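Good morning, colleagues. I would like to take a few minutes to walk through one structure. Please have the sequence and the model in view as I speak.

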Amino acid sequence: MVGSHTHGRVAAREWLTRPPPLLLYDADCGFCRRWVARWAQHTEGRVRFLPGRSWLLLLLGIPRRNMRRATQLVEPSGRVSQGAEAVFRALTRSPRWLTHGMARVGLLPGVLGLSQAAYGVIARNRRAASRVDRWLFGRTVAPRDLRQVRWLFLRLMGGTFLIAFTSLRGQVLGLFGSRGIRPVKDLVSEERRQAEPARERWRRLPTVFWFGASDATLVRGCTLGQLLSLAVLFNVAPRSALALLWGLYLSYAAVGREFLSFQWDVLLLEMGLLSALTAPPGLRPGLGRASPGALDVFLFRLLVFRLYFGSGVSKWQSGDRTWRELTACRHYYETAPLPTRGGWYAHHLPEPLQKASTAMVLALEAGVPLLVFTPRRPRQLAFGAFSALQAAIAATGNYGFFNLQSLALGVWLLDDAALRRMLPFLPEGPPPARSRTHWSGVLLTPLLLLGAADILLRFERGARLPEQVLRPLTWLHGCARPLRSVNRYGLFSVMTVERPEIVVEGSNDGEHWEPYRFRYKVGDVDQPPKQVAPHQPRLDWQMWFAALSSPPSWFIAFLARLLEGAPEVLGLLERNPFPDAPPRQVRAVLHDYRMTGAEERRRTGAWWTRERRGLYVQPLALAPGPRPTGSMPRLRWLAPAG
């Protein structure tokens, strides 16, 4: 009878320890039950999870005091491990590469020691840990679906691309046409004359305009972008449409030089590429069969982190005194490139509030981004904080479609359950199928490496990375730079404290000068700041940058087109003081602008005061003699009167 009982216990032990391995846990601990349910999802049947009952411990020869202290893992080889080591060894059985990789990292000697110490603290304070766990993750342990998050994000991406191409379409000929400021046709022709292989030219300028850069082609490209944006907006073949949108916008950005080099332009390209790789396949995919993969979600959240954290770190690293002294916001509202009425009123807020808002910006950009990688509740707090920041930026400055795309990107900090609470009307679909690795994962992995490299390179000076690490990181970024799809972000790292503005004037006699009026930039002192966004007036924006330095080459080309009377360029302006014929001379005068005080504005009606600095560009006239058709006019400099 005793031999039969012993034989039965041995047989039971052999059954328990055969593959897969067995993890025993405390079933009376709510914290343990929730985490075991999560681990079971990650291991997908490759580990068995059982409560640590007395008879099991007896059969397996595990002392009860060990079970009370920590989780136990019994492997087919007979090896028994406990605590954090048991968890990591179990998770190495996961078929999910990210879970498997993180578990392998957890088994490294130094990491494992810290993990065991943290495990011990949690085990001794299980009730408190259970309450914290419920707050961080919620009560449910079911997998979080993100198909509605992806659906909403892609609709917002379609809307952003639609705004971007619609805004560009009205300016494309004045900026890049054959009689524009920066003709694409001239750039392409000049590049073709370079003695280098065609492959190298394509690598440096990845654009479809190698095949033709006529005015009609430039306009048709914007029209095609609008149509593809509508396809994404209405969920028609979103993957293909987004891939084409990315390639088309890259084609314009590659040849647009300074007029298409804003941070939201490259951010749109990076978001567009990730969107194309994440969008569900099919003509009318709805929500898509499978939820976005872990790598897709991680890359979007990494981009959120890089966008905000990069801006915060650049402010600290710049050494700019306005950020150190918390006076940046007081200057910002007055010196923003295209201010708004909201910015005018914000400029007159009390100084303590200005300093508090500056400190808040630094905290939001340098501290809150760390919540991007935390559990769902802190991530939702980060989403709310970033959304509030974007709303404040939109109210006090005109930044094109930047605020919209930043809000859209922040949606990836949510999950479907959180999103449905805010937007209960979102479409629903059948339960999601299991996510499968597909071809896009092959392309997403390099993006992950590039994103990680960007973060490391930000701290290259302080961290003093070894040359063996720095060289490949720099090479990797250099290879990807022409695609403009993994970028470094750092808005307003140095705050301007003055507002110089350029006033462009024309004259027929060199004595009486008439100003050209721009549509959106600061000009007449009685003209109130305008709300321009989400439209992006690219010439008006570049005029702000030009005033901060010596005249760039594009500005001289702009003056030449005014002397020529090019209608495409004049169409970018609000008022042409020479409607019948172009002036004989043009010049540019620099002024200092300041916002008026509340009392002065009530008394005079003026929003600005200005003081003349002097000439920015001395008078110019067209040089005599013929010139080739379509080429830029030749100019001659004139001595200023007096």
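**Salt bridges, aromatic pairs and surface**

I begin with a single residue: R79 is partly exposed, with a relative accessible area of 40%. On this scale, buried means under 20% relative accessible area, exposed means over 50%, and partly exposed lies in between, with a 1.4 Å probe and protein chains only. R79 forms a salt bridge with E85, and the closest N and O atoms of the two are 3.0 Å apart. A salt bridge here is a side-chain nitrogen of Lys or Arg within 4 Å of a carboxyl oxygen of Asp or Glu. E85, in contrast to its partner, is buried, at a relative accessible area of 18%.

Before going further, I should state that this is a predicted model, in which local features need pLDDT of at least 70 and side-chain atom pairs count only at pLDDT 80 or more, while totals for chains, interfaces and linings use all residues. Residues are numbered from 1 along each chain as its sequence is written, and side-chain values use heavy atoms, with hydrogens and water left out.

Now the chain as a whole. It contains 30 helices and 11 strands; these are DSSP runs numbered from the N terminus, helices being H or I of at least four residues and strands E of at least two. Along the principal axes, the C-alpha atoms fill a box of roughly 125 × 60 × 55 Å. The chain has 642 residues, of which 51% count as buried. Its accessible surface comes to about 30,300 Å², and 60% of that belongs to carbon and sulfur atoms. These areas come from the Shrake-Rupley method with a 1.4 Å probe, and for residues only the protein chains shown count as cover. Among contacts between residues at least 6 apart in sequence, 76% join residues at least 24 apart, where contact means heavy atoms within 4.5 Å.

I return to the salt bridges. How many does the structure hold? There are 29. In one of them, the side chains of R182 and E258 meet at 2.9 Å, N to O. This pair links distant parts of the chain, 76 residues apart: R182 is in the loop between helix 10 (172-176) and helix 11 (184-192), and E258 is in the loop between helix 14 and helix 15. Both R182 and E258 are buried. Another bridge joins R321 and E325, with the closest N and O atoms 3.0 Å apart. Here R321 is exposed, at 52% relative accessible area, and E325 is partly exposed, at 37%.

A network of salt bridges links R34, R38 and D133. R38 has a further partner: its charged end sits over the ring of W35, 4.6 Å from the ring centre. The criterion is that NZ of Lys or CZ of Arg lies within 6 Å of the ring centre and within 35 degrees of the ring normal. The charged end of R201 is likewise placed over the ring of W210, 5.8 Å from its centre.

Next, the aromatic residues. The structure holds 39 aromatic pairs. Rings of Phe, Tyr and Trp (its six-membered ring) pair if their centres lie within 6.5 Å; planes under 30 degrees apart count as stacked, over 60 as edge-to-face and the rest as tilted. F209 and Y252 form an edge-to-face pair, with 4.8 Å between centres and 70 degrees between the planes. F209 lies in the loop between helix 12 (198-204) and helix 13, and Y252 lies in helix 14, so the pair ties together parts that are 43 residues apart in sequence. F209 is buried at 2% relative accessible area, and Y252 is buried at 1%.

F259 and W554 are also paired edge-to-face, at 5.3 Å centre to centre and 70 degrees between the planes. They are 295 residues apart, F259 in the loop between helix 14 and helix 15 (263-278) and W554 in helix 28 (residues 553-564). Both F259 and W554 are buried. One aromatic cluster has among its members F262, W264, Y332 and Y333.

Finally, the surface. L227, L230, F234, V236 and L283 make a nonpolar patch of about 480 Å². Patches are made of residues with over 30% relative accessible area and no salt bridge, like charges being joined within 9 Å and nonpolar side chains (Val, Leu, Ile, Met, Phe, Trp, Tyr) within 5 Å. F234 is found in the loop between helix 13 (215-233) and helix 14 (238-255), and at 56% relative accessibility F234 counts as exposed.
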